[in-house]
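The following paragraphs go through one protein chain, from its overall make-up to single residues. Please keep the sequence and the model in view while reading.

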Amino acid sequence: LVVFLFLFYFTAPTYYNYDEYGEELNEKVSKDFKLNLKNIKGIKYLILPKPHFVIEECDIYFANNPKDKIINVKNLIIKIYSKNLFNKSKIEIKSININKNDFNLNFNDIKNFYSHIKHNIHKPIYLKEANLFFKNKNDEIMSISKINKFKYYFNYQKKEKNLNILGNLFGSKIIFNWKRDYNNPLQTNSEIKIKNPNIIIKNNFNFKNSKYKAETNFKFLNNTLNLNYNFNEKYINFYNPDKKKLKPNSSLLVGQINLNPFFIDLNLTLAEVKIETILNYIFLNLYNFNQRTHSNLSGNLKIKVNEFKSRLFENLIFNINFGQERISLENSSIYFKKIGLINFSDPILFERNQELIVKSKIKLGINNENELLKRFQINKKNEIALKKIFFELEYNVDSGEYFLSSLNLTEKVSKD
């Protein structure tokens, strides 16, 4: 008898008429999750593995934006608590689960989701095996991300809002954890872990006096970059707190990004980084972007590497200029130890035998002629003072080999 009553209780919802239950279910979802369900088709109740509803198809919207659809979802699972199953109007929802669905997102969707995070307290929302397609204003796909697990919920015991994501972006595994403690609701913390390459990014945001103040710790290739910045709707300002000196294996970013109109003016100082790592990273990205950039991106990024392990070089400076849809490296330089300053102009990037080659015109300003003659074992046979040498340099990004050609004492360098 007990078993019969138990089964009858849990199977009672199967006898309800769900033809007109969509509106009532949407009211529950709107209240508990701040989401709206529209165009609901096919509602059924299942007891296993735990009591839940399945909506065969529906459209989901943020409650604060009823115009922009987030997704047309298939087989939306709405898990419910076991109490009040005899009265469908009193049934309580436990969570929403979306499995194996695709999201087509644009910038407005990201803004709406940020608003949902910022302003709402809600029950758990779970995603599994979802694909995210990010599109521009022309409805062109800009990037694709894979979401393996997505947990978005409020912890009532700890009074914390949490967002946990396990996924894949640009071929790299990503773990993202975000938290807001409502005991101090103006502060949020997040952590991003990326594998291959191994990168860890930790963020702390604090809102005060109509301005956000933030600290970001970035770990990559045994190097640490600590960012301190504040921002509002007009700008992002990076600064060095108390003008602290760089610690070993650490880096520094200072400068400002104006948001309207968009313009960057940044200085990045790196330490204890292999010169080949910096060169390869910059040249590979230049080649991938075909030395072109977005029409709205303009400004300057100065990258300075003070300390790196090299017998020959020190003080590498990359002056990267963004403008007119081009990326240029004018007035970039590196110091040839005890000899002089090497300046290189915009490089040409191309492939040869499936290897990436960088070719650039070089000017060597000589400060110590005797050291130059000694280093290259050159016997000086005339009285001409060597102040400048011009030549062409080819750098093989894949093998790390250098090749010099067209040496000249005048600025005219052969094009061969």
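The secondary structure of this chain amounts to 5 helices and 25 strands. The model is a predicted one. The chain has 416 residues, and 40% of them count as buried. Its accessible surface is about 25800 Å², with 52% of that belonging to carbon and sulfur atoms. Of the contacts between residues at least 6 apart in sequence, 43% join residues at least 24 apart.

A suitable place to start is helix H2, which takes in residues 22–33. H2 has 12 residues, and the distance from its first C-alpha to its last is 16 Å, close to the 16 Å expected at 1.5 Å a residue. Which residues of H2 are buried? They are Gly22, Leu25, Asn26, Lys28, Val29, Asp32 and Phe33. These buried residues cover an arc of only 160 degrees around the axis, so they lie on the same side of H2. An α-helix has 3.6 residues a turn, and therefore residues three or four places apart point the same way. Glu23 and Lys31, on the other side of H2, are exposed. The cover over the buried residues of H2 includes strands S1 (35–46), S2, S3, S4 (93–99) and S6 (125–135), together with helix H3 (107–119). Just after H2 comes Lys34, with a positive phi of about 55 degrees.

Three of the covering strands, S1, S2 and S3, can be followed in turn. S1 and S2 run antiparallel and are joined by 9 bridges. Tyr45 stands opposite Phe53 of S2. The two strands S1 and S2 form a hairpin, with 5 residues between them. The loop between S1 and S2 holds Pro49, and the peptide bond that joins Leu48 to Pro49 is cis, with omega about 0 degrees.

S2 and S3 also run antiparallel, here with 10 bridges between them. The bridge partner of Val54 is Ile77 in S3. The hairpin that joins S2 to S3 passes through 2 residues. How many of the 11 residues of S2 are buried? The number is 9, and S2 is mostly covered. In a regular strand the side chains alternate between the two faces of the sheet.

Salt bridges add side-chain links to this picture. Side chains of opposite charge can pair when their charged atoms come close. The count for the model comes to 12 salt bridges. In one of them, Lys74 meets Glu57, and the closest N and O atoms are 3.9 Å apart. This pair links distant parts of the chain, since Lys74 is in strand S3 (residues 65–80) and Glu57 in strand S2 (residues 52–62), 17 residues apart. Lys74 counts as partly exposed because its relative accessibility is 39%. Glu57 counts as partly exposed too, because its relative accessibility is 22%, and the lower limit for that class is 20%.

Another salt bridge joins the side chains of Lys69 and Asp59, at 4.0 Å from N to O. Lys69 lies in strand S3 and Asp59 in strand S2, so this pair ties together parts that are 10 residues apart in sequence. Is each partner buried or partly exposed? Lys69 counts as partly exposed at 40% relative accessibility, whereas Asp59 is buried, with a relative accessible area of 7%.

Further along the chain, Glu160 forms a salt bridge with Lys179, the closest N and O atoms being 4.0 Å apart. Glu160 is in strand S8 (residues 160–169) and Lys179 in strand S9 (residues 172–181), and the pair links distant parts of the chain, 19 residues apart. Glu160 is buried, with a relative accessible area of 13%, while Lys179 is partly exposed at 33% relative accessibility. Glu191, Lys193 and Lys202 are linked in a network of salt bridges.

Some backbone details remain. A cis peptide bond, with omega about 0 degrees, joins Asn260 and Pro261. Pro261 is in the loop between strand S15 (250–259) and strand S16 (262–271). Asn353 lies in the loop between strand S22 (348–352) and strand S23 (355–366), and Gln354 lies in the loop between S22 and S23. Phi is positive in both residues, near 55 degrees for Asn353 and near 65 degrees for Gln354. Asn353 is exposed, with a relative accessible area of 70%, and Gln354 counts as exposed at 75% relative accessibility.

Key
Residues are numbered from 1 along each chain as its sequence is written. This is a predicted model: local features need pLDDT of at least 70, side-chain atom pairs count only at pLDDT 80 or more; totals for chains, interfaces and linings use all residues. Side-chain values use heavy atoms; hydrogens and water are left out. Helices (H or I, at least four residues) and strands (E, at least two) are DSSP runs, numbered from the N terminus. Buried means under 20% relative accessible area, exposed over 50%, partly exposed in between (1.4 Å probe, protein chains only). The expected span of a helix is 1.5 Å times one less than its number of residues. The arc is that of the directions from the helix axis to the C-beta atoms. Contact means heavy atoms within 4.5 Å. Two strands pair if DSSP finds at least two bridges between them. Accessible areas come from the Shrake-Rupley method with a 1.4 Å probe; for residues, only the protein chains shown count as cover.
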